[in-house]
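Open the model in your viewer and keep the selection tool at hand. Each stop on this tour says what to select and what is there.

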Amino acid sequence: MSVRSLSFPKSQRLTRASEFERVKQHGYAERGRLITLSVLPMKNAGLCRAGFITTRAIGSATIRNRIRRCLREIVRKHQHDLREDFWIVLIARRDAASASYRALEDEWLRLAKRASILAL
């Protein structure tokens, strides 16, 4: 029985502006009420890499950081359900500021299924 790591290191995250721009230019988006999921298939990229965007329109830095932490935790928790060779970007929408963790997770799962990035 293999043990799967539950960590979500920086190497599995999109961090450069050029990476975010690439997903925006060449990927496709699934829009929900709380988040927008942008997906870019990448050949031979290995594990799925994720990036998170929370704009100032959402609220104060405290609120944006809370939302970003929630989204990162949701992706971390479901990382082993994701198919390989994808880059994804989660963009929080204004309604995400007042949403619960459970609502964000439900929306993420719904959008991920619609984008066909879950390996379930």
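## Stop 1: a salt bridge at helix 1

Select R16, which is exposed, with a relative accessible area of 55%. Bear in mind throughout that this is a predicted model. Now add E19 to the selection: R16 and E19 form a salt bridge, and their closest N and O atoms are 3.7 Å apart. E19 has 7% relative accessibility and counts as buried.

## Stop 2: the two sides of helix 1

Select helix 1, residues 17–26. Which residues of helix 1 are buried? They are E19, F20 and V23. Look down the axis of helix 1: the buried residues fall within an arc of 100°, so they line one face of the helix. The other side of helix 1 has A17, K24, Q25 and H26, which are exposed.

Now show strand 2 (35–41), strand 3 (49–53) and strand 4 (86–92). These three strands are what the buried residues of helix 1 pack against.

## Stop 3: a buried arginine

Go back along the chain to R13, in the segment before helix 1. R13 is buried, yet it has no salt bridge. Where is the nearest side chain of opposite charge to R13? It belongs to E19, 9.7 Å away. A salt bridge needs the nitrogen and oxygen within 4 Å.

To see what surrounds R13, select F8, R49, A50, F52 and R72. R13 touches each of these, with residues up to four places away in sequence left out of the list.

## Stop 4: two cysteines

Select C48 and C70. How many disulfides does the structure hold? The count is 0. The sulfur of C48 has its closest cysteine sulfur in C70, 19 Å away, which is too far for a bond. C70 is likewise in no disulfide. C48 counts as buried at 8% relative accessibility, and C70 counts as buried at 13%.

## Stop 5: the largest nonpolar core

Select L37, I88, L104, W108 and I117. The largest nonpolar core has 29 residues, and these five touch the most other members. Strand 2, strand 3, helix 2 (61–77), strand 4 and helix 3 each supply at least two residues of this core.

Apart from this core lies another, of 7 residues. Among its residues are L14, F20, V23 and M42. F20 and V23 were on the tour before, as buried residues of helix 1.

Return to W108 and show its contacts. Leaving aside neighbours within four places in sequence, W108 is in contact with I35, L37, I74, V75, H78, L82, I88, L90 and I117.

## Stop 6: a buried alanine in a loop

Select A96, in the loop between strand 4 and helix 3 (101–114). Is A96 buried or exposed? A96 is buried, with a relative accessible area of 0%.

Add I67 to the selection. A96 and I67 are 29 residues apart along the chain, while their C-alpha atoms are separated by 7.2 Å. I67 is one of the residues that A96 touches, along with L34, R66 and L104, not counting residues up to four places away in sequence.

## Stop 7: salt bridges along two helices

The structure holds 9 salt bridges. One of them is at the first stop, between E19 and R16. Two others sit within helices.

Select E73 and R76, which form a salt bridge with the closest N and O atoms 2.8 Å apart. E73 and R76 are 3 residues apart in helix 2, so about one helical turn separates them. An α-helix has 3.6 residues a turn, so residues three or four places apart point the same way. E73 is partly exposed, with a relative accessible area of 29%, and R76 counts as partly exposed at 21%.

Next select D106 and R102. Their salt bridge has its closest N and O atoms 3.2 Å apart. D106 and R102 are 4 residues apart in helix 3, which puts about one helical turn between them. D106 counts as partly exposed, at 38% relative accessibility.

To finish, add K77 and E105. Salt bridges that share partners join K77, R102, E105 and D106 into one network.

Definitions and conventions. Residues numbered from 1 in each chain as written. Predicted model: local features only at pLDDT ≥ 70, side-chain atom pairs only at ≥ 80, totals over all residues. Heavy atoms only, no water. Disulfide = S-S within 2.5 Å. Buried < 20%, exposed > 50% of the residue type's maximum accessible area, 1.4 Å probe, protein only. Lys, Arg positive; Asp, Glu negative; His and termini not counted. Contact = heavy atoms within 4.5 Å. Arc of directions from axis to C-beta. Core = buried A, V, L, I, M, F, W, Y, C linked by side-chain atoms within 4.5 Å.
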